[in-house]
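Reader: I would be grateful for a close look at a single part of this model, with its setting in the rest of the chain. Please treat the geometry in the order that makes the reasoning clearest.

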Amino acid sequence: MSAPTLDRPAAERPDEAALQRQFDATIAADRRIEPRDWMPEGYRRTLVRQIAQHAHSEIIGMQPEGDWLLAAPSMRRKAILLAKVQDEAGHGLYLYSAAETLGADRADLTDKLIERRQKYSSIFNYPTPTYADVGVIGWLVDGAAICNQVPLCRSSYGPYARAMIRVCKEESFHQRQGYELLMTMMRGTDAQRAMVQDAVDRWWWPSLMMFGPPDDDSPNSAQSMAWGIKRHSNDELRQRFVDMTVPQAAVLGVTLPDQELAPDPETGRYRFGAIDWSEFKQVLAGHGPCNDERIARRRAARDDNAWVTEAATAYARKHES
Ligand SMILES: [Fe+2]
Ligand SMILES: [Fe+2]
């Protein structure tokens, strides 16, 4: 998308340096960049990549829990889970729309996801063998998403920041429904408690990986922070998540699978053990337990439902003319 100023005769056109100064001043004043504003190409590219990755994560993220929709233990649990999975679809839509304001095309983004040219959060490549996984995903995965996303409500790009406000409100419900489910199971039988503990053991470390690589191995972070796209570093957000979650685990009565997890009297925060980044890289590179299944299902959804898209597009065109 080109800035509207470029259509004017050369004499009236503000030069690139002036546009850059105006952009820098907007960022420095903590005001929002809007779709029609001039922006540096790198800023646009970074945003499209990040927003697309985020949108893909919401859509792929429907799958691990969606598997339980037909096997939920009660009507109440089914209704809650259905509402939650539907919310994630909505999040994907807001985000694809935000990417479109930057000139991206949603169908093209979907193709890139399916062809593995764009990524989604590594967390959704883990399996959900028991119903406790639904609760733990709500508690830990949606909890980590909140830590990541609340600062994005102040992101410098207007449409992204505004989408995040509603997304965060819904994520906070997701987190609480997960925690409530786990609380219920913890009040149940020994087998149910063991199921919760097993799910916590499997999801804890992958949840910490959701914040991305450590700061000294995150090459794009500094630029994203300078542009106001990102507000806090990966390690800072990860630490916040740990500090928030440890007391919740104690109330729940589960053990987090990390021998080194302990309060640090000097900082008042929790110290935790080393993360296995080789696992993260493996999963991100497409070799996690469920990568192939997730992509295959997304591809089938696109192909099998192409007729709906075609019909809707034809209908919209008819009403345009
Ligand atoms: Fe979401
Ligand atoms: Fe969520």
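Author: Glu-88 and Glu-171 are both buried, and they offer a suitable entry to the metal site of this predicted model. Glu-88 belongs to helix α4 and Glu-171 to helix α7, so the pair ties together parts of the chain that are 83 residues apart in sequence. Glu-88 coordinates the iron ion (ligand 1) as well as the iron ion (ligand 2), and 3.4 Å separates the two ions. Glu-171 likewise appears among the donors of the iron ion (ligand 1) and among those of the iron ion (ligand 2).

The two ions may now be taken in turn. Around the iron ion (ligand 2), the protein donors are Glu-88 (OE), Asp-142 (OD), Glu-171 (OE) and His-174 (ND1), at 1.9 to 2.2 Å. Their spacing along the sequence reads E-x53-D-x28-E-x2-H. The angles subtended by these four donor atoms run from 87 to 156 degrees, which makes the arrangement around the iron ion (ligand 2) irregular. A tetrahedral assignment would require all angles to lie between 85 and 135 degrees, and the range for this ion extends to 156 degrees.

The iron ion (ligand 1) is held by Glu-58 (OE), Glu-88 (OE), His-91 (ND1) and Glu-171 (OE), which lie 2.0 to 2.2 Å away. The corresponding sequence pattern is E-x29-E-x2-H-x79-E. Here the four donor atoms subtend angles of 87 to 140 degrees, and the arrangement is therefore irregular. Within this site, Glu-58 in helix α2 (residues 41-60) and Glu-88 in helix α4 (residues 75-100) form a pair whose members are 30 residues apart, linking distant parts of the chain. Glu-58 is buried, as is Glu-88.

The setting of the site can be followed outward through helix α2. Ile-59 is found in this helix and has a relative accessible area of 14%, which is why it counts as buried. Apart from residues up to four places away in sequence, Ile-59 touches Ala-89, Gly-92, Tyr-96 and Arg-298. A distance across the model may be added for scale: the C-alpha atoms of Ile-59 and Gln-223 are separated by 27 Å, with their positions 164 residues apart along the chain.

Helix α7, which carries Glu-171, also leads away from the metal ions. The axis of α7 (residues 158-186) comes within 10 Å of the axis of α10 (residues 234-252), and the two cross at roughly 30 degrees. Since angles under 35 degrees count as roughly parallel, α7 and α10 are therefore described as roughly parallel to each other. On the α7 side, the residues that meet α10 are Gln-175, Tyr-179, Leu-182, Met-183 and Met-186; their counterparts in α10 are Met-244, Gln-248, Val-251 and Leu-252. By class, this contact comprises seven nonpolar residues, two polar residues and no charged residues.

Two of the α7 residues just named recur in the surroundings of Gly-135. This glycine is located in helix α6 and, at 0% relative accessibility, is buried. With neighbours within four places in sequence set aside, Gly-135 is in contact with Gly-178, Tyr-179, Leu-181 and Leu-182. Gly-135 and Met-186 are 11 Å apart from C-alpha to C-alpha, although their positions lie 51 residues apart in sequence.

Some details away from the ions complete the account. Gln-20 lies in helix α1 and is partly exposed, with a relative accessible area of 27%. Outside its neighbours within four places in sequence, Gln-20 contacts Trp-38 and Pro-40. The C-alpha atoms of Gln-20 and Gln-192 are 58 Å apart in space, and the two residues are 172 residues apart in sequence.

Backbone geometry deserves a brief remark as well. Asp-30, in the loop between α1 (16-28) and α2, has a positive phi of about 60 degrees although it is not a glycine. Asp-30 is partly exposed, at 40% relative accessible area. Arg-116, in the loop between α5 (106-114) and α6 (132-149), also has a positive phi, about 65 degrees, without being a glycine. The relative accessible area of Arg-116 is 41%, which places it in the partly exposed class.

Definitions and conventions. Residues numbered from 1 in each chain as written. Chains lettered and ligands numbered in written order. Predicted model: local features only at pLDDT ≥ 70, side-chain atom pairs only at ≥ 80, totals over all residues. Heavy atoms only, no water. Axes fitted to C-alpha atoms, helices over the stretch in contact; angles between N-to-C directions. Helix = DSSP H or I, 4+ residues; strand = E, 2+ residues; numbered from the N terminus. Parallel < 35°, antiparallel > 145°, perpendicular 65-115°, else oblique. Contact = heavy atoms within 4.5 Å. Nonpolar A, V, L, I, M, F, W, Y, C, P; charged D, E, K, R; others polar. Donors = N, O, S within 2.8 Å, 3.2 Å for Na, K, Ca; no water. Tetrahedral: all angles 85-135°; square planar, octahedral: opposite > 155°, others 65-115°. Buried < 20%, exposed > 50% of the residue type's maximum accessible area, 1.4 Å probe, protein only.
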